[in-house]
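Here are my notes on the model you sent over, jotted down as I went through it. They cover pockets, a cavity and some helix packing.

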Amino acid sequence: GMTLSMANALQVSRYVDKYRVGEEGAAEVARKNRSNAMNNPHAHLRKEVTGQEVLASKVLFWPLKELQLPPRSDGVCVLLLASEEKARRFGNNHAWIRGLGWAADTFWMGDRDLSQITCLSSAAQKAYAMAGITDPKEQIDVAELHDITAYHELMEYEALGFCEVGEGTTLAQRGITSMSGPLPVNPSGGVLSSNPVFTSGLVRVAEAAIQVMGKGGNRQVNGARTALAQSISGFASQISSVFVLGREQ
C-alpha cells in the first residue's frame with residue numbers, strides 16, 4: 001500500500017519533472033542542514049555530509065535518496081503557552097505569537113497539482129496577514145521548516161514566498177538560506193537531522209522560539225527578531241500550519 005515516503009516521492013517526482021529541478025539544490029539542502037545540526041546538542045544526526053555524498057547515496061524511493069530523507073528519531077517537545085498578562089510574570093524574554101495560519105488540501109492526491117504545496121501557501125498568507133508580513137524574504141530573519149525531504153524544503157521556500165515557483169534550488173545553491181546568508185533556514189538541522197515523527201512539527205515552533213529569545217547557543221542567528229515555523233502532515237503535504245513569532249519590540 002501507499003506509505004508517506006512513497007507519497008512524498010511521487011510529489012517530488014512531479015515537482016522535479018514540471019520545473020526541471022536538478023539534484024544539486026536538494027543535495028545542498030541536505031548538506032546545509034546536516035552541517036547546521038553539528039551546532040545543535042539535541043540533534044539525532046550530528047555528522048556532516050558533502051553534496052557528493054548525498055548524490056552518491058542509494059535510491060530508496062525514486063527519486064529520493066537515502067541522505068535526502070530524515071532519520072527515525074525519538075524525542076519529545078514541550079511548549080508553554082500563556083496569555084500576555086501571565087507571560088509577563090515570568091520576565092520579558094518571550095517569543096510572542098504574531099501570526100498563525102492553518103490549511104488542508106483535498107485528501108486525494110490525484111485531485112491536486114503535486115508540484116506545489118498549495119495548503120502551505122494558504123496557511124502562510126493567513127499567518128502573514130495577521131503578523132503584518134508583506135515581504136517574507138526581507139521581513140523573516142530565520143525559518144524552521146518541516147523538511148520531510150530535501151526537495152520539500154525547496155518547495156517550501158516557494159510556497160512561503162521566499163522565491164518564485166520553481167526557483168527554490170537557486171535560493172539553496174546561492175547560500176541565501178545558509179547560516180551566513182540573509183535568510184537562514186533550519187539552523188537546528190531540521191527534520192533531516194532529527195525526526196521524532198509525532199513532534200517534528202512542534203519542534204519547529206520551539207526552535208523558532210529559541211531563536212527570537214536569543215537562546216540558540218552555537219546555532220543562534222544573530223539579530224533574529226522575527227522567526228517563521230512551519231509544519232506539514234498527511235500524504236504528499238496535505239495539511240500545513242505556519243507560525244510567525246517575534247520578540248519584544
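1. The second largest pocket holds about 820 Å³ of space. Bear in mind that this is a predicted model. Of the 25 residues lining this pocket, Ser5, Pro70, Pro71, Asn195 and Val197 are the closest to its centre. If you sort the lining by class, you get 13 nonpolar, nine polar and three charged residues.

2. Which elements build that second pocket? At least two lining residues each come from α1, β1 (59–61) and β5 (226–233). Helix α1 gives the most, with three residues.

3. Now the largest pocket, with a volume of about 980 Å³. Its lining runs to 40 residues, and Val78, Leu79, Leu80, Ala206 and Ala209 lie nearest the centre. The class split here is 23 nonpolar, 12 polar and five charged.

4. For the largest pocket, α4 (84–87), β3 (96–104), α9 (200–212) and β6 (239–246) each put at least two residues into the lining. The top contributor is α9, with eight residues.

5. There is also one cavity of 30 Å³ or more in the structure. The volume of this largest cavity is about 40 Å³. Its lining consists of Gln11, Asp105, Arg112, Asp113, Leu114, Gln116, Ile117, Thr118, Cys119, Ala236 and Ser237. That makes four nonpolar, four polar and three charged residues around the cavity.

6. On to helix packing. Helix α1 (residues 4–19) packs on α7 at an angle of about 60 degrees, and the two axes are 10 Å apart. The pair is therefore oblique, and the crossing is left-handed. On the α1 side, the contact uses Asn8, Gln11, Val12, Tyr15 and Val16, while α7 brings Tyr151, His152, Leu154, Met155 and Glu158. Six of the contact residues are nonpolar, three are polar and one is charged. Gln11 is worth a second look, as this residue sits in the α1–α7 contact and also lines the largest cavity.

7. How do α2 and α7 pack? Helix α2 (residues 23–36) meets helix α7 (residues 150–159) at about 100 degrees, with axes 8 Å apart. So α2 is roughly perpendicular to α7. From α2, the contact takes in Glu23, Gly25, Ala26, Val29, Ala30, Lys32 and Asn33, and from α7 it takes in Ala150, Tyr151, Glu153, Leu154 and Tyr157. By class, this contact has seven nonpolar, two polar and three charged residues.

8. One last thing on α7: Tyr151 and Leu154 take part in the contact with α2, and both turn up again in the contact with α1.

Definitions and conventions:
Residues numbered from 1 in each chain as written. Predicted model: local features only at pLDDT ≥ 70, side-chain atom pairs only at ≥ 80, totals over all residues. Heavy atoms only, no water. 1 Å grid on protein atoms, 1.4 Å probe; cavity = no way out; pocket = protein on both sides within 12 Å on 5 of 7 lines; lining within 4 Å. Points joined across faces, edges and corners; volume = space filled by probe spheres on them. Nonpolar A, V, L, I, M, F, W, Y, C, P; charged D, E, K, R; others polar. Axes fitted to C-alpha atoms, helices over the stretch in contact; angles between N-to-C directions. Helix = DSSP H or I, 4+ residues; strand = E, 2+ residues; numbered from the N terminus. Parallel < 35°, antiparallel > 145°, perpendicular 65-115°, else oblique. Contact = heavy atoms within 4.5 Å. Left-handed = near helix turned anticlockwise from the far one by under 90°.
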